[in-house]
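Subject: Structure handover

Hello,

Here is the structure for you to look through. My notes on what was found in it follow below.

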Amino acid sequence: KFSSKMAHNYYVTAHKPTGATLSVAGNFTSDTDLNLIIAKTNRLEIQLIGDDGLSSLLEVGIYGRVAVLKLFRPQNKRRDLLLVVTERYRVMVLGFD
């Protein structure tokens, strides 16, 4: 006989992604800082590029897998904005304040 209750399994990843899928460089955090922004599946890492290497500034989770990552600078602005598009076509324009 079969039970009327169905078992459901829920799987999640316990570790943060380690492989970079996309990256861009530009002036995201300030007009004088050079930043490296790395997409790792569903996470964004913002690094500061300095004379002594990279230093981590921020890491943030994204709802969805990042498919497009582009920096652009609007007219008359001194900092770049970040365009993020997920595989399911969710679009975000992010700025740093």
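**Pocket, sheet and single residues**

The lining of the largest pocket divides by class into three nonpolar, six polar and four charged residues. Please keep in mind that this is a predicted model, and that what follows is computed from it.

The lining of that pocket comprises 13 residues. Those nearest its centre are Asn42, Ile62, Tyr63, Gly64 and Arg65. The volume of the largest pocket comes to about 280 Å³.

Next, the sheet. It is open and built from four strands, which follow the order β1-β2-β3-β4 with antiparallel pairing. Its edges are β1 (22-26) and β4 (53-61), each of which pairs on one side only. On average, neighbouring strands are turned by 20 degrees against each other, with direction ignored.

Going through the strand pairs:

- β2 (residues 34-40) and β3 run antiparallel and are joined by seven bridges. Within this pair, Leu36 stands opposite Gln47 of β3.
- β3 (residues 43-50) pairs with β4, also in the antiparallel sense, over eight bridges. Here Ile46 has Leu58 of β4 as its bridge partner, and Ile49 is opposite Leu54 in β4.

Both of these pairs are hairpins. The hairpin of β2 and β3 has two residues between the strands, and β3 and β4 form a hairpin that also has two residues between them.

Three single residues are worth listing separately.

Asn35 is found in strand β2. Is this residue buried or exposed? Asn35 has a relative accessible area of 0%, and because the cut-off for buried is under 20%, it counts as buried. Its side chain has two polar contacts with backbone atoms on record here. What does the side chain of Asn35 reach at 3.0 Å? That partner is the backbone nitrogen of Phe28. At 3.4 Å, the side chain of Asn35 reaches the backbone oxygen of Gln47. Gln47 is the residue in β3 that Leu36 stands opposite.

The other two residues are listed for their backbone angles. Most residues other than glycine have a negative phi. Thr41 is not a glycine, yet it has a positive phi of about 55 degrees. Thr41 is found in the loop between β2 and β3, which places this angle in the hairpin of those two strands. With a relative accessibility of 25%, Thr41 counts as partly exposed, because that class lies between the cut-offs of 20% and 50%.

Asn76 is likewise not a glycine and has a positive phi, in this case of about 65 degrees. Where does Asn76 lie? Asn76 is in the loop between β5 (66-72) and β6 (81-86). The relative accessible area of Asn76 is 79%, so this residue is exposed, the cut-off being over 50%.

To recap by residue:

| Residue | Location | Accessibility |
|---|---|---|
| Asn35 | strand β2 | 0%, buried |
| Thr41 | loop between β2 and β3 | 25%, partly exposed |
| Asn76 | loop between β5 and β6 | 79%, exposed |

Regards

Notes
Residues are numbered from 1 along each chain as its sequence is written. This is a predicted model: local features need pLDDT of at least 70, side-chain atom pairs count only at pLDDT 80 or more; totals for chains, interfaces and linings use all residues. Side-chain values use heavy atoms; hydrogens and water are left out. On a 1 Å grid over the protein atoms alone, a cavity is a set of points where a 1.4 Å probe fits but cannot get out, and a pocket is an open set with protein on both sides within 12 Å along at least five of seven lines; lining residues have an atom within 4 Å of a point. Grid points are joined across faces, edges and corners, and a volume is the space filled by probe spheres set on the points. Ala, Val, Leu, Ile, Met, Phe, Trp, Tyr, Cys and Pro count as nonpolar, Asp, Glu, Lys and Arg as charged, and the others, Gly among them, as polar. Two strands pair if DSSP finds at least two bridges between them. Axes are lines fitted to C-alpha atoms, for helices over the stretch in contact, and angles run from 0 to 180 degrees between N-to-C directions. Buried means under 20% relative accessible area, exposed over 50%, partly exposed in between (1.4 Å probe, protein chains only). A polar contact is a pair of N or O atoms within 3.5 Å; within protein, one must be able to donate a hydrogen and the other to accept it, and residues adjacent in sequence count only if both atoms are side-chain atoms.
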